[in-house]
Amino acid sequence: MSDGHPWQGNWVTRLYERVRERGYDSLTAFADAHPTMPLHMLAKELGKDDIAGVQVLEGLLAEAERRKQVTRFVRALFVRLWAQSVPEGWPAVMDDANRFKVAEALGRWSAYTPETHEERVGNARAALRAAPPPPGWRPLGPDDDLLRTLLPDEEV
């Protein structure tokens, strides 16, 4: 039992019990069904008070590592962070407010990226800044064409 605290008890077991209760065989399958939902909201869907976003993040990364799909995980992470920070898509005008939103999404993406993919994410960030996507661009999943161009499915 967790007594409403995410780190109490066996949180990994609790996390996967909740995923199975919702009809999914993996945390990745559950997350893929909600591709733009931020991590903290995925956690809330799984347990109002006893699952934390960082636990969902850790579980998704562990599954991606086992499946050798870390690059896809990194793209999916971008989608979630982008939807949270820049829900209207790539800004048409890069004023201070929009520059902050973009920087927030890209900064958090770097912060949550596994060490194995830091350089690739840095290159992807630089490419987005050098050649911005069209206004309104917002990926709806990890298989977005632009994201796959920036981060192809080569495992590092």
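**Entry 1: Asp96 and Arg99.** I looked up Asp96 and noted a relative accessibility of 61%, so I recorded this residue as exposed. The model I am reading is a predicted one. I then sought the partner of Asp96 and found a salt bridge to the side chain of Arg99, with 3.5 Å from N to O. Arg99 has a relative accessibility of 43%, and I entered this residue as partly exposed. I placed both residues in helix H6, which spans residues 96–112. Asp96 and Arg99 stand three residues apart there, about one turn of the helix.

**Entry 2: the whole structure.** I asked how many salt bridges a search of the whole structure finds. The search gives eleven.

**Entry 3: Glu21 and Arg22.** I examined the salt bridge between Arg22 and Glu21, where the closest N and O atoms are 3.6 Å apart. Glu21 is exposed, at a relative accessible area of 58%, whereas Arg22 is partly exposed, at 34% relative accessibility.

**Entry 4: Arg148 and Asp153.** I turned next to Arg148, which forms a salt bridge with Asp153; the closest N and O atoms lie 3.2 Å apart. Is each partner buried, exposed or partly exposed? I noted Arg148 as partly exposed, since its relative accessibility is 36%. Asp153 is likewise partly exposed, with a relative accessible area of 42%. I then followed the shared partners and found one network of salt bridges that joins Asp32, Arg72, Arg75, Asp143, Arg148 and Asp153.

Note on methods
Residues are numbered from 1 along each chain as its sequence is written. This is a predicted model: local features need pLDDT of at least 70, side-chain atom pairs count only at pLDDT 80 or more; totals for chains, interfaces and linings use all residues. Side-chain values use heavy atoms; hydrogens and water are left out. A salt bridge is a side-chain nitrogen of Lys or Arg within 4 Å of a carboxyl oxygen of Asp or Glu. Buried means under 20% relative accessible area, exposed over 50%, partly exposed in between (1.4 Å probe, protein chains only). Helices (H or I, at least four residues) and strands (E, at least two) are DSSP runs, numbered from the N terminus.
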